[in-house]
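Me: I'd like to go through this one by asking why things get the labels they get. Please set each value against its cut-off.

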Amino acid sequence: MRTLLTTLLLMTCFPLSAGPPMAVGGWTSVPVFDELPLEAKLGLFQHIPDPDVVSLILWNDGVTNRLDAVSIPFPHDGAGITSTPLDSSGVLFSLGDICTEGNVVLAPYIDNFNVEYARFNGSSWGTLSIPFTLGDDFDSADCAANGDGIFVSAHNDTNDTLVLYRSVNGGINWSIYDTILAGGGNTISGPFDGAVRDQLAISPDGEAASLFQLDDGRIRVSTFNTADNPPTLTNTDVANLPPPAGFTFVKESGGGIIATLGGKEVRFTYNADGNARTVNVPVDNPGAFSTGNLGTVNNNGMFFTFQAGTLVAVEDGSGQAFETNVLWGDYFVVREPFPTGMVSVDNDFPAQGFGGPVDSCFVQFDGGKSWASRYITAGSNSDTVLRARIGESIFTDGFESGDLSVWRCC
């Protein structure tokens, strides 16, 4: 299994010089890195108005996998972009979401089946290991943060559990926050088992959730609150699918916790069986979950034999989400109520059919009162591209307070 995944990741890339923004069918596109990304994540250096964006790019030089951090200065038009090499390894994969706490930026990944992380301390980058992970084999990593700390989730492929680690000092020291068990004689499967890649979501107010798959095929969402230590898990099985049958393609996921007038909702999208499935779980009433299916995911794109996914909710000034954008190669717009509302497809999305990694991020601008989303994808010429829709919906704080802490952002 390790050999199969390593072979998948070892893809030859060809350099291309970055150029100016390009407008295609209502989208702008800015090349930000000269290599085709095997994995790409998007985040912010700081949660401030008009922030610089950070992207971590995992790519292959024809011999080994490499990890680079890319700084994309505001207004993200391609000017002033710099990149910093972070790590290289033949077995480097599973790049997790980017967490930002103050001026600290952190992103976990798997290297030689241990959980490591890239960390920016406000002035320079470094790479370290989460010490508890050095004795077993891990095959996934993800990150989310709020005022209770930085949380990293990782699937332990040795004993088929999902482990949550927490740091309360910006990623300098770590503790085991919780070990999630399947219960009932079952185990938690991971990417090497052929299961969906687990996803962690945390809100600024403490609501948290993890999506993962059991060995009998069930998709489970575990909700908890980060103010509790140890946490109390509420487990909700949201789908019954065939049991994972071994690695065939990378089965990705994406999601977040959304503020609505009715309360907080956990929204995930995932590809466990070749379909772009969606689920909405009310934080205060998980049993009232709802599910959807956006259709078949093209796992045989122009550049990759897998397709990643991402999810961004667009909210109005009162805090009510009115649409959720879900990207799986095709760019879906789902109107409320999610996920059962009317679905449309933006056929002008420039990377449609490319395959490979995607990620998204809300960026605060215009003095802190407006937001727009950015997307990182593979380009059309063996490069990494930052994209945004021209004229896409933006919104302001309806209470005119400038406090947007309840909005979901990267």
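Reply: The protein chain's secondary structure comes to one helix and 31 strands, where helices (H or I, at least four residues) and strands (E, at least two) are DSSP runs numbered from the N terminus. This is a predicted model, so local features need pLDDT of at least 70 and side-chain atom pairs count only at pLDDT 80 or more, while totals for chains, interfaces and linings use all residues. Residues are numbered from 1 along each chain as its sequence is written, and side-chain values use heavy atoms, with hydrogens and water left out.

Me: Why is Asp346 called buried?

Reply: Buried means under 20% relative accessible area, exposed over 50%, and partly exposed in between (1.4 Å probe, protein chains only). Asp346 has a relative accessible area of 16%, so it counts as buried. It lies in the loop between β28 (343–345) and β29 (358–365). Across the protein chain, 60% of the 410 residues count as buried.

Me: What makes the link between the side chains of Asp346 and Trp27 a polar contact?

Reply: A polar contact is a pair of N or O atoms within 3.5 Å; within protein, one must be able to donate a hydrogen and the other to accept it, and residues adjacent in sequence count only if both atoms are side-chain atoms. The two side chains are at 3.0 Å, so the pair qualifies under the 3.5 Å limit. The Asp346 side chain also reaches the backbone nitrogen of Asp348, at 2.9 Å.

Me: Which residues is Asp346 in contact with, leaving aside its neighbours within four places in sequence?

Reply: Those are Trp27, Tyr331 and Arg389, with contact meaning heavy atoms within 4.5 Å.

Me: Why is Ile180 called buried?

Reply: Ile180 has 1% relative accessibility, so it counts as buried. This residue is found in strand β15. Leaving aside neighbours within four places in sequence, Ile180 is in contact with Thr161, Leu162, Leu164, Ile188, Phe212 and Leu233. With Thr161, the separation is 19 residues in sequence and 6.0 Å in space, C-alpha to C-alpha.

Me: What makes β13 and β14 a pair?

Reply: Two strands pair if DSSP finds at least two bridges between them. Seven bridges join β13 (residues 149–156) to β14 (residues 161–167), running antiparallel, so they pass the two-bridge minimum. One of the partnerships puts Asn156 with Thr161 in β14.

Me: Why do β12 and β15 stand at the edges?

Reply: The open sheet has four strands in the order β12-β13-β14-β15, with antiparallel pairing. β12 (142–146) and β15 (175–180) each have a single partner strand, so one side of each is left without a neighbour in the sheet.

Me: How do you know that β21 and β22 pair?

Reply: They have eight bridges in the antiparallel sense, so the minimum of two is met. Gly254 stands opposite Thr269 in β22. These strands belong to an open sheet of four, ordered β21-β22-β23-β24.

Me: What makes a group of residues a nonpolar core?

Reply: It is a set of buried Ala, Val, Leu, Ile, Met, Phe, Trp, Tyr and Cys residues joined through side-chain atoms within 4.5 Å. The largest such core here has 23 residues, of which Val54, Leu56, Leu67, Leu86, Val105 and Trp125 touch the most other members. Two or more residues come from each of β4 (53–60), β5 (65–72), β9 (104–111) and β10 (114–120). Another core, apart from it, has 18 residues, among them Leu106, Phe113, Val152 and Phe192.
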